[in-house]
Amino acid sequence: MASNAVLIIGGGIAGLCAAIAARRLGVDAHVLESAPRVLRGGNARHARNFRIAHEKPVWHTPDAYSDAEFLAELRKTGCPDEVFARGLVEESARIADWLMGCGVLLQAPDVGVLPYSRRTAFLLGGGKAMVNALYDTASRLGVSFDYESEAFALTEVLGGWEAKIVSGATKKRFFARAVVVASGGPGGDPNWRNDHIGEGVLLRGARSSNGRIMQFLAERGFRTVGDPSSCHMVAVDARGPEDDGGIVTRITAIPHGLVVDRNGRRVELAGASPKKSHYAQWGARIAACDGGLAFLILDARGLSKTLPAALAPIRADTLDALAAELGLDGAALAESVPFVEPPFFAFPMRAGLTFVHYGLAADANMRLSREGNANLFGAGMIVAPNFFTRGYMAGLGLTLSAVTGRRAGEAAARHVLS
């Protein structure tokens with residue numbers, strides 16, 4: 001029992017920012033992280049940059065990216081509430097300094113081999129370094145943690161909430177005056193993913209960010225927002241893991257070859273573009289293929305134009321040999337492929353889910369919405385559809401998680417203090 005505590009469900013960037021913000025206001029904060037310690041941090045472990053507005057160059061991000069430009073691009077993602085959108089953009093301009101104040105290190109653009117970006121700031125050491133820095137800061141502030149611990153139910157009791165928790169083989173309860181739910185959207189739950197997105201879709205992020213407590217709340221009257229069948233998917237290597245593949249399994253070479261299905265027939269994509277984000281255009285198309293499987297075929301010239309991949313392509317000296325290696329119809333593949341410079345290469349591909357455009361409705365303080373007031377708050381991708389309902393922009397998820405985490409933590413702490 002911790003009557004004056006804020007309980008944070010989820011130990012990714014949203015939960016950590018909530019815990020730090022709450023603790024800095026003087027209340028106890030306790031974090032449940034469903035992953036083991038070595039895999040703590042949720043999807044943020046795979047992050048590398050976050051989107052920020054800045055009216056002039058700063059040492060970590062070149063040139064300028066104005067509030068107005070950020071807002072105009074955010075509107076294209078179907079933001080349902082203009083006030084929410086403006087608030088996110090305005091707070092993005094301050095979140096880099098706040099994170100650095102929590103020990104997070106950023107990388108200067110003239111160091112290493114970073115791509116040019118005036119819209120995003122890059123993390124020194126990537127998402128894992130950021131997660132470790134936030135855990136260190138939270139620990140120094142007195143935040144407590146339980147690893148491999150997942151809340152499976154929340155019950156409202158007089159003056160707060162009782163969380164039912166499974167921790168290994170042990171079940172226990174925790175009482176808190178306020179709760180911040182930051183455990184991810186529902187796409188991390190394989191059963192939910194099969195029901196709403198389709199079979200064969202891989203999860204790019206952490207399986208621990210499963211959104212099950214979000215589903216629990218939705219079934220008990222908390223209002224949802226967004227479309228459970230809408231999501232952001234990209235082309236990933238089918239040989240990668242079922243989850244936690246992150247950015248390294250992404251297939252970026254599609255413009256240099258052609259795509260065929262498991263029958264060897266060419267797969268077309270209307271309006272396909274070779275621009276930087278082409279792999280995101282292909283995610284849903286690959287998911288719609290027979291068995292959710294497709295193959296990128298390249299010849300020697302095409303392969304020479306590609307970037308290095310985490311997994312080496314499958315190689316064969318002839319198309320017939322490549323078809324045999326892939327289990328495809330050789331005649332169908334030969335009819336589909338117009339290039340002839342051997343040797344030939346292939347990447348088997350599946351769709352990799354980044355997140356779902358579906359979550360819980362919240363107000364500006366990230367208080368979750370239902371009939372009757374509740375001292376329950378949301379942060380991170382669980383509340384993302386309040387800000388955007390289609391597509392994606394690079395670095396947006398990390399910014400949204402940090403901003404909403406800080407908001408929710410402060411609001412929960414104010415509730416406890418009142």
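Two residues are in contact here when heavy atoms of theirs come within 4.5 Å of each other. Keep that in mind as we walk through this structure, which is a predicted model.

Let's start with F50. Leaving aside residues up to four places away in sequence, F50 touches I95, A96, L99, L106, R119, T120, A121, L123, G395, L398 and T399. Apart from the core that F50 belongs to, there's another one of 17 residues, with V260, I314, A316 and A346 among them. Back to the core with F50: this is the largest nonpolar core, with 103 residues, and F50, L154 and L376 are the ones that touch the most other members. Helix α11 gives this core its largest share, 10 residues.

Three of the residues that F50 touches, I95, A96 and L99, bring us to helix α3, which covers residues 82-101. This helix has 20 residues and spans 29 Å from its first C-alpha to its last, close to the 28 Å expected at 1.5 Å a residue. Even so, α3 has a kink of about 40°, centred on R94.

What happens at the two ends of α3? At the N-terminal end, D81 acts as a cap, with a side-chain oxygen 2.8 Å from the backbone nitrogen of V83. Just past the helix, G103 takes a positive phi of about 95°.

Now for the buried side of the story. In α3, the buried residues are F84, A85, G87, L88, V89, E91, S92, I95, A96, W98 and L99. In an α-helix there are 3.6 residues a turn, so residues three or four places apart point the same way. And what covers the buried residues of α3? The cover includes α1 (13-24), β3 (49-51), α2 (67-75), α4 (126-141) and α11 (396-417).

Next, hop over to strand β13, residues 294-299, where 6 of 6 residues are buried. In a regular strand, side chains alternate between the two faces of the sheet. Here A294, L296 and L298 point one way from β13, while F295, I297 and D299 point the other way, and all are buried.

Which strands pair with β13? One is β12 (residues 258-261), which runs antiparallel to β13 and is joined to it by 4 bridges; among the residues involved, V259 has L296 of β13 as its bridge partner. The other is β15 (residues 344-360), also antiparallel to β13, with 6 bridges joining them. There, A294 stands opposite M349 of β15.

Technical notes: Residues numbered from 1 in each chain as written. Predicted model: local features only at pLDDT ≥ 70, side-chain atom pairs only at ≥ 80, totals over all residues. Heavy atoms only, no water. Expected span 1.5 Å × (residues − 1). Bend = angle between axes of the 7 residues up to and from the residue. Buried < 20%, exposed > 50% of the residue type's maximum accessible area, 1.4 Å probe, protein only. Polar contact = N/O pair within 3.5 Å; in protein donor to acceptor, adjacent residues only side chain to side chain. Core = buried A, V, L, I, M, F, W, Y, C linked by side-chain atoms within 4.5 Å. Pairing = 2+ DSSP bridges.
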